[in-house]
Each structure stands twice: as structure tokens, then as C-alpha cells.
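Open the model in your viewer and keep the sequence panel in sight. This tour moves from one selection to the next and says what is there.

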Amino acid sequence: MNKDLRKVLAFPYILWMIGFTIIPLSLIFIYGLTDRSGSFTLSNVLSIFAKDHFKALLLSIILSIVSTAICLVMAFPLALTLKSKKLNKGSLIVFIFILPMWMNFLLRTLAWLSLLEKNGIINTILNFLHLPSLNIINTPAAIILGMVYNYLPFMVLPIYNVLEKIDDNTINAARDLGANTMQTLTRVIIPLSIPGIVSGITMVFVPALTTFVISNILGGSKVLLIGNVIEQEFTKGSNWNLGSGLSLVMMIFILISMAFIAKYDKDGEGMSV
């Protein structure tokens with residue numbers, strides 16, 4: 001392809017990257033490292049150690065780890081099942097797992113609100129069956145449930161994508177050499193699926209850590225996560241400097257996740273879903 005043609009075709013992407021990546025990130029750095037008068041300061045970044053902010057960060061990390069672990073425990077056996085059924089990426093079952101990703105994130109979360117609220121569908125059915133009510137709305141448990149529901153496909157698909165590429169002859173060779181099912185799983189399948197596992201963990205943990213929509217809706221604004229703190233600084237407090245400073249701290253977790261992907265998924269196998 002002609003070099004001049006390549007430059008022309010690349011121009012829209014460069015323009016997009018400048019307008020929606022470089023400029024927003026630059027503004028976050030500028031606001032985060034300055035005060036209201038425009039003077040340089042690190043107080044916005046260091047405010048993460050304030051009692052309320054640090055408490056929200058720790059709670060966000062805990063809930064993110066729990067939801068990521070649940071997604072992994074659910075996703076790996078499911079991905080193995082999909083592989084064993086010899087399903088291709090265009091099959092109905094795989095389509096069902098992709099379908100929620102096409103729906104509006106807010107609507108998916110609001111649907112769970114109608115299910116979990118005190119007079120919601122689940123409690124109505126439980127009361128009809130004379131069973132105890134399920135009172136988890138406005139609690140961390142409801143937030144974890146919302147995270148797992150919204151982010152589970154992001155764990156399933158990378159793992160399934162990697163498992164699908166494992167040659168059946170490799171698994172058969174391990175069994176021919178005397179490995180039982182558990183040994184084949186732990187010594188062959190899991191090591192070969194590490195790129196997908198790392199990609200899945202990253203794709204679940206990072207958005208779960210920074211979310212504020214799920215905690216606002218299913219937590220009833222009673223459970224304060226670091227995403228809620230940042231959102232409130234921008235919207236209610238109108239303190240863009242503090243909100244940007246806290247956002248810079250969150251970028252550290254994103255950089256760490258990118259480093260993990262670069263180390264364990266060098267070929268991008270887990271990301272090509």
C-alpha cells in the first residue's frame with residue numbers, strides 16, 4: 001500500500017486519538033496536579049490517603065477482588081464446557097453470552113434493582129412461596145451481584161478464546177502419558193489458558209474498581225466506592241482538581257493491569273475475542 005494512502009487512512013484515527021484520548025488525559029493531568037489557582041500541587045493526588053477517600057478505595061478493591069474471583073470461578077468451567085461442546089463463535093450459546101454486552105449498561109443494572117428491591121420480583125415470589133425475603137439491596141452484596149452480572153462476559157470470552165485455540169492433540173497426549181483429569185487440567189489446560197485468564201481478570205477488575213453506576217443504583221448511594229467519590233467531586237462538588245487527582249491514582253491500577261497483560265499475554269490471545 002502506498003505510504004501517502006496509509007497516512008490519509010490513518011488521519012481519522014490520529015484525529016480521534018488526539019480528541020478523545022490525548023486531550024482528555026492531558027486535562028486530567030493538568031487539573032490533578034494543580035489547585036484552583038493553577039499552581040502546581042500534589043495535594044489532590046495525596047488526598048487519596050484522607051480517611052474517607054482511603055476507606056472508599058479499600059472497599060472498592062475488596063469488592064472488585066471478590067467479584068473478579070467469583071467471575072473467574074464461574075467463567076473457567078463455563079468456558080471449558082463451551083470448548084468441549086465444539087461450539088464455534090457464531091453458535092447460539094456463545095451469542096447468548098455476548099448479547100448482554102450489546103444492551104445498555106444502565107438498563108441492565110436497573111433491571112437488577114427491580115429484581116432485588118424489597119417489593120421486587122424476587123421477594124414477591126419468595127413471599128408467595130412463604131419463604132424469607134431477600135434483603136440485600138443497598139448492601140455490598142447487591143453491588144457484587146451487579147458487578148458479576150455485568151462483567152461476567154468479559155471473563156468468559158477471553159478464557160474461551162484461549163481454550164478454543166488449545167489443540168485437542170495436546171490434551172490427548174497428556175492423557176496418553178498417564179495424566180488424569182485433574183493433572184491435565186492443572187498442568188496443561190490452566191497454564192496454556194493463562195493469557196485469557198489474565199485478560200479476563202483485567203477486564204473485570206479495572207471497571208469493577210472504578211464503577212460508580214452499580215454502587216449508585218444497587219447500593220442506593222449508601223455504599224461509597226472510590227468511583228462514587230470521584231463522580232461526586234466532578235458533579236456535586238465541582239472540584240475538578242480533586243476529582244482529577246483521585247483519577248490519577250486510579251490510573252496506577254490501569255497501568256499495573258496493562259503491565260500484567262504485556263507480560264502474560266504478549267501475543268494478545270486473550271484480547272482477541
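**Stop 1: the opening helix**

Select residues 12–34. The span is 91% helix and 0% strand, and its end C-alpha atoms lie 32 Å apart. Keep in mind that this is a predicted model. The UniProt entry, which is unreviewed, lists residues 12–34 as a "transmembrane region". It gives the label to other spans as well, including 54–80, 92–116 and 184–206.

Go to residues 184–206 next. Here the chain is 96% helix and 0% strand. The end C-alpha atoms of this span are 31 Å apart.

**Stop 2: two domains**

Colour residues 1–32 as domain 1 and residues 44–264 as domain 2. How far apart are the centres of domain 1 and domain 2? Taken over C-alpha atoms, the separation is 30 Å. Now look at where they touch. Five residues of domain 1 are in contact with nine residues of domain 2.

**Stop 3: a nonpolar patch**

Show the surface, then select Ile14, Met17, Ile18, Ile22, Ile23, Leu27, Ile30, Tyr31 and Trp240. Together they form a nonpolar patch with about 810 Å² of accessible area. Which element supplies the largest share of the patch? Helix H1, residues 3–32, contributes eight residues.

Stay on Tyr31, which sits in helix H1. Tyr31 counts as partly exposed because its relative accessibility is 32%, and the partly exposed class runs from 20% to 50%.

**Stop 4: a buried serine**

Select Ser244 in helix H13, which covers residues 240–264. Is Ser244 buried or exposed? It is buried, at 1% relative accessibility. The cut-off for that class is under 20%.

What does Ser244 touch, leaving aside its neighbours within four places in sequence? Its contacts are Ile28, Tyr31, Gly32 and Phe234. Tyr31 thus appears twice on this tour: it belongs to the surface patch, and it is in contact with Ser244.

**Stop 5: the salt bridge**

Show the side chains of Asp168 and Lys83. They form a salt bridge, with the closest N and O atoms 3.4 Å apart. Asp168 lies in helix H8 (residues 168–176) and Lys83 in helix H3 (residues 51–84), so the pair ties together parts that are 85 residues apart in sequence. Side chains of opposite charge can pair when their charged atoms come close. How many salt bridges does the count come to? The count is one.

Compare the surroundings of the two partners. Asp168 is partly exposed, with a relative accessible area of 29%. Lys83 counts as buried, at 13% relative accessibility.

**Stop 6: two loops with positive phi**

Select His130, in the loop between helix H6 (121–128) and helix H7 (140–164). Check its backbone: phi is near 60°, a positive value in a residue other than glycine. His130 counts as exposed, at 73% relative accessibility.

Finish at Ser238. This residue is in the loop between helix H12 (226–235) and H13. The phi of Ser238 is near 55°, again a positive value in a residue other than glycine. At 46% relative accessibility, Ser238 counts as partly exposed.

Notes:
Residues numbered from 1 in each chain as written. Predicted model: local features only at pLDDT ≥ 70, side-chain atom pairs only at ≥ 80, totals over all residues. Heavy atoms only, no water. Patch = residues over 30% accessible without salt bridge, like charges linked within 9 Å, V, L, I, M, F, W, Y side chains within 5 Å. Areas by Shrake-Rupley, 256 points an atom, 1.4 Å probe, with all protein chains shown as cover. Salt bridge = Lys/Arg side-chain N within 4 Å of Asp/Glu carboxyl O. Helix = DSSP H or I, 4+ residues; strand = E, 2+ residues; numbered from the N terminus. Buried < 20%, exposed > 50% of the residue type's maximum accessible area, 1.4 Å probe, protein only. UniProt positions renumbered as here; feature names shortened; annotations may be inferred. Domains from an automatic or database assignment. Contact = heavy atoms within 4.5 Å.
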